[in-house]
Amino acid sequence: MPSFHVPGALPLRGRRAAFLAACLLCAGCASQSAKVSGGWRPANTLDTTPQPILRAPATQYMSTPIDQSLRGLLTRWAREGNMALDFQLASDFSLSQEAAAIRASSLEAALEALNRIYADNGVQLNLASGVLVAASKPIVSTTSLPPSPRNSKRKGRK
């Protein structure tokens, strides 16, 4: 087949590319417009019947892989709850598998679960006046001491 050359015309490969680009541009304009949820609503109008409004998802108190210790976990919970943390413990503790399994919808329930887990380590966690407090449990002796001589009644004196 003989080849004809027209001065100023695109080669066959260039004409195909131009035709394809024109088709794509036309196809893009033929698509439907995006749907906008909610739509336009005039101001100061009320619904005829009450409609439910979805609330924000409830906060879930749990440990995450970034929490490497009890102090780290409590620091994150305090920061997320816009509270201060008063960490009075002499040492920090690693998170156990039991602590990693905590899923609570309230901070009080999460602290109660942590108190059960760390009770043997003398840890007491509570929430006081918007401050998350981590303190040592007072040691209570279960053995009774014999009465001291000062407290016993002296015989012979009246």
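Colleague: Which elements do the buried residues of helix 4 pack against?

Modeller: This is a predicted model, in which local features need pLDDT of at least 70 and side-chain atom pairs count only at pLDDT 80 or more, while totals for chains, interfaces and linings use all residues. Residues are numbered from 1 along each chain as its sequence is written, and side-chain values use heavy atoms, with hydrogens and water left out. In helix 4, the buried residues (under 20% relative accessible area; exposed is over 50%, partly exposed in between; 1.4 Å probe, protein chains only) are Leu107, Ala110, Leu111, Ala113, Leu114, Asn115 and Ile117. They pack against helix 2, helix 3 (97-100), strand 2 (123-128) and strand 3 (131-136).

Colleague: At what angle do the axes of helix 2 and helix 4 cross?

Modeller: Helix 2 spans residues 70-80 and helix 4 residues 107-117, and their axes come within 13 Å. Helices (H or I, at least four residues) and strands (E, at least two) are DSSP runs, numbered from the N terminus. Axes are lines fitted to C-alpha atoms, for helices over the stretch in contact, with angles from 0 to 180 degrees between N-to-C directions. The two axes cross at roughly 170°.

Colleague: Why is helix 2 described as roughly antiparallel to helix 4?

Modeller: The crossing angle is what makes helix 2 roughly antiparallel to helix 4. Angles under 35 degrees count as roughly parallel, 65 to 115 as roughly perpendicular, the rest as oblique, and those over 145 as roughly antiparallel.

Colleague: Which residues of helix 4 make the contact with helix 2?

Modeller: Contact means heavy atoms within 4.5 Å. From helix 2 come Leu70, Leu73, Leu74 and Trp77. From helix 4 come Leu107, Ala110, Leu111 and Leu114.

Colleague: Is Arg76 buried or exposed?

Modeller: Arg76 lies in helix 2. Leaving aside neighbours within four places in sequence, Arg76 is in contact with Met62, Ser63, Thr64, Ile66 and Asp67. At 9% relative accessibility, Arg76 counts as buried.

Colleague: Which strands stand at the edges of the sheet?

Modeller: The sheet is open, has 3 strands in the order 1-3-2, and its pairing is mixed. Two strands pair if DSSP finds at least two bridges between them. One side is left without a neighbour in the sheet, because each has a single partner strand, in the case of strand 1 (84-87) and strand 2.

Colleague: How many bridges join strand 2 to strand 3?

Modeller: Strand 2 and strand 3 run antiparallel. Gln124 stands opposite Ala135 in strand 3. The number of bridges joining strand 2 to strand 3 is 6.
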